[in-house]
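Biologist: Could you take me through this one? I'd like to hear the reasoning behind the labels.

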Amino acid sequence: MNRADLVEILAAKHDLSKVAAGAILETLIDTIQTAVKKDDAVQLVGFGTFKAAKRAARTGKNPSTGEAIKIPAATVPKFVAGAKFKAVVDPKAAKRKAEKAGK
């Protein structure tokens, strides 16, 4: 599924024009990106959390030459799926986790 497919579904489910649905989707994406850029986490209960994660500097290896290279520290976006999202994707794992928690 791509952005156009998502806009089409939003427009159909909520009786909106595709332009309006596209604007809403764009606003949502921009808001999440801006918040994560400011080092704020965006938590959508049941869906997941968008946040910034810091990666330490490390030494890597150039695969073609085998030479050691320095990889600088970086801040990267991270998404952690929520429990409901995980359960929808893998219901068997969610059931096992619930049974384990019940014991």
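Modeller: The radius of gyration of the protein is 20 Å, but a compact globule of 103 residues would come in near 13 Å. That value is taken over C-alpha atoms, and the globule rule is 2.2 Å times the number of residues to the power 0.38. Mind you, this is a predicted model: local features need pLDDT of at least 70, side-chain atom pairs count only at pLDDT 80 or more, and totals for chains, interfaces and linings use all residues. Residues are numbered from 1 along each chain as its sequence is written, and side-chain values use heavy atoms, with hydrogens and water left out.

Biologist: Why is the pair of F47 and F79 called tilted?

Modeller: Rings of Phe, Tyr and Trp (its six-membered ring) pair if their centres lie within 6.5 Å; planes under 30 degrees apart are stacked, over 60 edge-to-face, the rest tilted. Among the 5 aromatic pairs of the structure, F47 and F79 have centres 5.4 Å apart and planes at 50°, so tilted fits.

Biologist: And what makes the pair of F79 and F85 edge-to-face?

Modeller: The centres of F79 and F85 are 6.3 Å apart and the planes are at 65°, so the pair is edge-to-face. Ring pairs link F47, F50, F79 and F85 into a cluster.

Biologist: Why does F47 count as partly exposed?

Modeller: Buried means under 20% relative accessible area and exposed over 50%, with partly exposed in between (1.4 Å probe, protein chains only). F47 has 36%, so F47 is partly exposed. F79, at 34%, is partly exposed, and F85 is partly exposed at 29%.
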